[in-house]
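The following note sets out some remarks on backbone geometry and strand pairing. Please read the points alongside the sequence and the coordinates.

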Amino acid sequence: MVFNFNVTDSLAYYNIYLVLRHTESYHFNNIWLDFTSSVPGRNPQTQRLNLLLANTQGWLGSAMDDIIEQRVPIFNRPTKLVAGNYSFSLQQVMREDPLRNILSAGIRVEKAVQ
């Protein structure tokens, strides 16, 4: 899954999130992903992410009936982005393939409130 976007404001800081929808039947409390970023002027870089989706109290995120939506930050703090075209890709690397009970995945990039 590849997501492309253009940054024009290089003075701002941005939050980058994985937005994931899954059902309550998803039987893991996390998801492992390879996150590849293509940044202007640099070679693509891939990092493996282990994103926590549940804790001992239950699912993290918001629920509507049996669908859970989660917005998980990919980076710990807002990030400054240079102007230009970006490409982010996600690849799940869990033991199951296809990964059951995942409904959708996406990337959200938003300016950080300062």
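**Backbone remarks**

1. P98 sits in the loop that runs between β10 (84–92) and β11 (102–111). The model under review is a predicted one. The peptide bond between D97 and P98 is cis, with omega at about 10°. As background, most peptide bonds are trans, and most residues other than glycine have a negative phi.

2. N101 belongs to the loop between β10 and β11. The phi of N101 is near 70°, which is positive although the residue is not glycine. With a relative accessible area of 29%, N101 is classed as partly exposed, because the partly exposed class lies between the limits of 20% and 50%.

3. A positive phi also occurs at D65, where the value is near 55° and the residue is again other than glycine. D65 is placed in the loop between β7 (62–64) and β8 (67–73). Is D65 buried or exposed? D65 is exposed, because its relative accessible area is 72% and the exposed class begins over 50%.

4. Strands β3 (residues 30–38) and β4 (residues 45–52) are paired in the antiparallel sense, with 8 bridges between them. Which residue of β4 is the bridge partner of I31? The partner is L51.

5. The connection between β3 and β4 makes a hairpin, with 6 residues between the two strands. Within this turn, G41 has a positive phi of about 80°.

Note on methods
Residues are numbered from 1 along each chain as its sequence is written. This is a predicted model: local features need pLDDT of at least 70, side-chain atom pairs count only at pLDDT 80 or more; totals for chains, interfaces and linings use all residues. Side-chain values use heavy atoms; hydrogens and water are left out. Two strands pair if DSSP finds at least two bridges between them. Helices (H or I, at least four residues) and strands (E, at least two) are DSSP runs, numbered from the N terminus. Buried means under 20% relative accessible area, exposed over 50%, partly exposed in between (1.4 Å probe, protein chains only).
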